[in-house]
Amino acid sequence: MRRRHPWLMPLLLVLLVAVPILEVWLLIQVGQLIGLVPTLLILVAEAVLGGWLMRREGNRAWRSLNEAFQQGRMPSGELADAALVLVGGTFVMLPGFATDVIGLFFLLPFTRPLARRLLGAAIARRLDRAGVPTVINTDSGTVVDGTVVDGTVVDGTGTEPQPEPRTVRGTLEPPR
(Lines give C-alpha, C1' and ligand atoms only; values in the text may rest on other atoms or scores of the structure.)
Protein backbone atom coordinates (compact mmCIF):
# COMPACT_ATOMS: atom_id res chain seq x y z
CA MET A 1 0.00 0.00 0.00
CA ARG A 2 1.43 3.36 -1.08
CA ARG A 3 1.28 6.26 1.36
CA ARG A 4 -0.34 9.44 0.12
CA HIS A 5 1.86 11.94 1.93
CA PRO A 6 5.31 10.51 2.54
CA TRP A 7 6.46 13.88 3.98
CA LEU A 8 3.89 13.85 6.82
CA MET A 9 5.67 11.45 9.19
CA PRO A 10 9.08 13.20 8.92
CA LEU A 11 7.32 16.56 9.48
CA LEU A 12 5.66 15.24 12.65
CA LEU A 13 8.99 13.91 13.90
CA VAL A 14 10.67 17.29 13.24
CA LEU A 15 7.84 19.06 15.11
CA LEU A 16 8.13 16.63 18.04
CA VAL A 17 11.78 17.66 18.36
CA ALA A 18 11.56 21.34 17.34
CA VAL A 19 8.61 22.42 19.52
CA PRO A 20 10.19 21.37 22.84
CA ILE A 21 13.48 23.00 21.80
CA LEU A 22 11.61 26.22 20.94
CA GLU A 23 9.76 26.09 24.27
CA VAL A 24 12.96 25.60 26.28
CA TRP A 25 14.65 28.44 24.37
CA LEU A 26 11.67 30.75 25.04
CA LEU A 27 11.64 29.80 28.73
CA ILE A 28 15.36 30.59 29.02
CA GLN A 29 14.93 33.94 27.23
CA VAL A 30 11.97 34.98 29.40
CA GLY A 31 13.70 33.70 32.53
CA GLN A 32 16.79 35.78 31.76
CA LEU A 33 14.63 38.82 31.05
CA ILE A 34 12.32 38.78 34.10
CA GLY A 35 13.85 36.15 36.40
CA LEU A 36 13.14 32.56 37.38
CA VAL A 37 10.34 33.07 39.92
CA PRO A 38 8.22 35.42 37.75
CA THR A 39 8.64 33.05 34.79
CA LEU A 40 7.44 30.09 36.86
CA LEU A 41 4.54 32.14 38.24
CA ILE A 42 3.47 33.08 34.70
CA LEU A 43 3.58 29.41 33.65
CA VAL A 44 1.50 28.36 36.66
CA ALA A 45 -0.99 31.21 36.09
CA GLU A 46 -1.33 30.24 32.40
CA ALA A 47 -1.98 26.60 33.34
CA VAL A 48 -4.62 27.58 35.92
CA LEU A 49 -6.26 30.03 33.50
CA GLY A 50 -6.16 27.41 30.75
CA GLY A 51 -7.75 24.76 32.98
CA TRP A 52 -10.52 27.15 34.00
CA LEU A 53 -11.11 28.27 30.39
CA MET A 54 -11.10 24.69 29.14
CA ARG A 55 -13.71 23.69 31.69
CA ARG A 56 -15.94 26.72 31.05
CA GLU A 57 -15.71 26.64 27.25
CA GLY A 58 -15.96 22.84 27.21
CA ASN A 59 -19.24 23.05 29.14
CA ARG A 60 -20.52 25.70 26.73
CA ALA A 61 -19.56 23.60 23.72
CA TRP A 62 -21.25 20.54 25.27
CA ARG A 63 -24.48 22.48 25.91
CA SER A 64 -24.45 23.85 22.34
CA LEU A 65 -23.91 20.35 21.00
CA ASN A 66 -26.86 19.01 22.99
CA GLU A 67 -29.08 21.90 21.87
CA ALA A 68 -28.21 21.25 18.23
CA PHE A 69 -29.10 17.57 18.61
CA GLN A 70 -32.36 18.39 20.37
CA GLN A 71 -33.30 20.83 17.59
CA GLY A 72 -32.44 18.26 14.92
CA ARG A 73 -29.66 20.39 13.41
CA MET A 74 -26.32 19.17 12.12
CA PRO A 75 -23.86 20.29 14.84
CA SER A 76 -20.89 21.05 12.58
CA GLY A 77 -19.89 24.34 14.23
CA GLU A 78 -20.47 22.90 17.67
CA LEU A 79 -18.28 19.88 16.89
CA ALA A 80 -15.53 22.15 15.62
CA ASP A 81 -15.77 24.24 18.79
CA ALA A 82 -15.57 21.13 20.97
CA ALA A 83 -12.49 19.91 19.08
CA LEU A 84 -10.82 23.33 19.29
CA VAL A 85 -11.51 23.53 23.04
CA LEU A 86 -10.01 20.08 23.54
CA VAL A 87 -6.87 20.84 21.51
CA GLY A 88 -6.55 24.34 22.98
CA GLY A 89 -6.84 23.03 26.53
CA THR A 90 -4.19 20.43 25.84
CA PHE A 91 -1.83 23.06 24.43
CA VAL A 92 -2.35 25.39 27.40
CA MET A 93 -1.61 22.58 29.85
CA LEU A 94 1.76 21.90 28.19
CA PRO A 95 4.57 23.91 29.79
CA GLY A 96 5.82 26.69 27.56
CA PHE A 97 4.81 29.98 26.03
CA ALA A 98 4.42 29.11 22.32
CA THR A 99 1.95 26.29 22.97
CA ASP A 100 0.09 28.55 25.43
CA VAL A 101 -0.44 31.19 22.75
CA ILE A 102 -1.83 28.58 20.33
CA GLY A 103 -3.96 27.05 23.08
CA LEU A 104 -5.44 30.40 24.12
CA PHE A 105 -6.19 31.18 20.46
CA PHE A 106 -8.28 27.99 20.34
CA LEU A 107 -9.85 28.46 23.79
CA LEU A 108 -10.85 32.11 23.98
CA PRO A 109 -14.45 32.70 22.87
CA PHE A 110 -13.56 35.78 20.80
CA THR A 111 -10.70 34.12 18.86
CA ARG A 112 -12.23 30.66 18.42
CA PRO A 113 -14.53 31.72 15.53
CA LEU A 114 -11.44 32.77 13.56
CA ALA A 115 -9.76 29.45 14.42
CA ARG A 116 -12.94 27.62 13.32
CA ARG A 117 -12.97 29.50 9.98
CA LEU A 118 -9.29 28.69 9.43
CA LEU A 119 -9.97 25.04 10.24
CA GLY A 120 -12.97 25.00 7.87
CA ALA A 121 -10.94 26.60 5.08
CA ALA A 122 -8.15 24.04 5.56
CA ILE A 123 -10.64 21.17 5.42
CA ALA A 124 -12.38 22.65 2.36
CA ARG A 125 -9.01 23.06 0.60
CA ARG A 126 -8.15 19.45 1.42
CA LEU A 127 -11.51 18.22 0.09
CA ASP A 128 -11.10 20.32 -3.03
CA ARG A 129 -7.73 18.73 -3.73
CA ALA A 130 -9.35 15.31 -3.32
CA GLY A 131 -11.99 16.24 -5.92
CA VAL A 132 -14.90 16.45 -3.47
CA PRO A 133 -17.17 19.44 -4.12
CA THR A 134 -17.19 21.72 -1.10
CA VAL A 135 -20.32 23.34 0.30
CA ILE A 136 -19.87 26.03 2.93
CA ASN A 137 -22.88 27.71 4.57
CA THR A 138 -22.32 31.41 5.26
CA ASP A 139 -24.54 34.26 6.40
CA SER A 140 -24.81 35.55 2.83
CA GLY A 141 -25.71 32.23 1.22
CA THR A 142 -24.27 28.85 0.39
CA VAL A 143 -20.88 28.67 -1.34
CA VAL A 144 -20.55 25.71 -3.70
CA ASP A 145 -17.16 25.50 -5.39
CA GLY A 146 -16.70 29.26 -4.94
CA THR A 147 -20.13 30.25 -6.27
CA VAL A 148 -22.75 31.82 -3.98
CA VAL A 149 -26.17 30.22 -4.44
CA ASP A 150 -29.21 31.87 -2.83
CA GLY A 151 -32.36 29.78 -2.63
CA THR A 152 -35.25 28.45 -0.60
CA VAL A 153 -36.03 24.83 0.17
CA VAL A 154 -39.65 23.84 -0.49
CA ASP A 155 -40.92 20.48 0.75
CA GLY A 156 -43.05 18.57 -1.78
CA THR A 157 -44.59 20.09 -4.86
CA GLY A 158 -47.15 22.15 -3.00
CA THR A 159 -50.02 21.10 -5.33
CA GLU A 160 -51.59 18.24 -3.39
CA PRO A 161 -52.20 18.10 0.36
CA GLN A 162 -49.90 15.81 2.29
CA PRO A 163 -51.67 13.04 4.28
CA GLU A 164 -51.05 12.90 8.01
CA PRO A 165 -48.74 10.11 9.21
CA ARG A 166 -50.37 7.44 11.37
CA THR A 167 -48.94 6.11 14.62
CA VAL A 168 -49.16 2.35 15.11
CA ARG A 169 -47.74 0.70 18.27
CA GLY A 170 -45.48 3.71 18.97
CA THR A 171 -43.77 3.75 15.59
CA LEU A 172 -44.33 6.19 12.76
CA GLU A 173 -45.81 4.52 9.71
CA PRO A 174 -45.60 6.19 6.28
CA PRO A 175 -48.97 7.19 4.70
CA ARG A 176 -50.50 4.73 2.20
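This passage describes the overall make-up of a predicted model, followed by its aromatic cluster, the surroundings of helix α4, and one pocket.

The chain contains 5 helices and 5 strands, and their order along the sequence follows the pattern α-α-α-α-α-β-β-β-β-β. Of the 176 residues in the chain, 19% are buried. The accessible surface of the chain amounts to about 13600 Å², and carbon and sulfur atoms account for 67% of this area. Among the contacts in the chain with a separation of 6 or more, 43% are between residues that stand 24 or more positions apart.

The structure holds 2 aromatic pairs. In one of them, the rings of Phe 91 and Phe 106 have centres 6.5 Å apart and planes at 25°, so that the pair is classed as stacked, the angle being under 30 degrees. This pair links distant parts of the chain, since Phe 91 belongs to helix α3 (residues 76-93) and Phe 106 to helix α4, with their positions 15 residues apart in sequence. Phe 105 and Phe 106 form a tilted aromatic pair, with a distance of 6.0 Å from centre to centre and an angle of 45° between the planes. Phe 91, Phe 105 and Phe 106 together form one aromatic cluster. As to accessibility, Phe 106 is buried because its relative accessible area, 17%, lies under the 20% limit, whereas Phe 91, at 27% relative accessibility, counts as partly exposed. Phe 105 is likewise partly exposed, with a relative accessible area of 27%.

Phe 106 is one of the buried residues of α4, a set that also includes Phe 97, Thr 99, Asp 100, Gly 103 and Leu 107. The elements that cover these buried residues include α1, α2 (36-71), α3 and α5 (112-129). For Phe 97, a contact can be traced to Val 30, a residue that lies in helix α1. Val 30 and Phe 97 are separated by 67 residues in sequence, while their C-alpha atoms are 9.4 Å apart in space. When neighbours within four places in sequence are left aside, Val 30 is in contact with Gly 35 and Thr 39 as well as with Phe 97. Val 30 itself counts as partly exposed, because its relative accessibility of 22% is not under the 20% that defines a buried residue.

Helices α1 and α4 also appear together in the lining of the second largest pocket, which has a volume of about 240 Å³, and to which α1 (8-34) and α4 (97-107) each supply at least two residues. The lining of this pocket consists of 13 residues, among which Leu 15, Val 19, Pro 20, Leu 94 and Thr 99 lie nearest the centre of the pocket. The largest share of the lining, 7 residues, comes from α1. Divided by class, the lining of the second largest pocket comprises 11 nonpolar residues, 1 polar residue and 1 charged residue. Thr 99, listed with the residues nearest the centre of this pocket, is also found with the buried residues of α4.

How values were computed
Residues numbered from 1 in each chain as written. Predicted model: local features only at pLDDT ≥ 70, side-chain atom pairs only at ≥ 80, totals over all residues. Heavy atoms only, no water. 1 Å grid on protein atoms, 1.4 Å probe; cavity = no way out; pocket = protein on both sides within 12 Å on 5 of 7 lines; lining within 4 Å. Points joined across faces, edges and corners; volume = space filled by probe spheres on them. Helix = DSSP H or I, 4+ residues; strand = E, 2+ residues; numbered from the N terminus. Nonpolar A, V, L, I, M, F, W, Y, C, P; charged D, E, K, R; others polar. Phe/Tyr/Trp six-rings, centres within 6.5 Å; stacked < 30°, edge-to-face > 60°. Buried < 20%, exposed > 50% of the residue type's maximum accessible area, 1.4 Å probe, protein only. Contact = heavy atoms within 4.5 Å. Areas by Shrake-Rupley, 256 points an atom, 1.4 Å probe, with all protein chains shown as cover.
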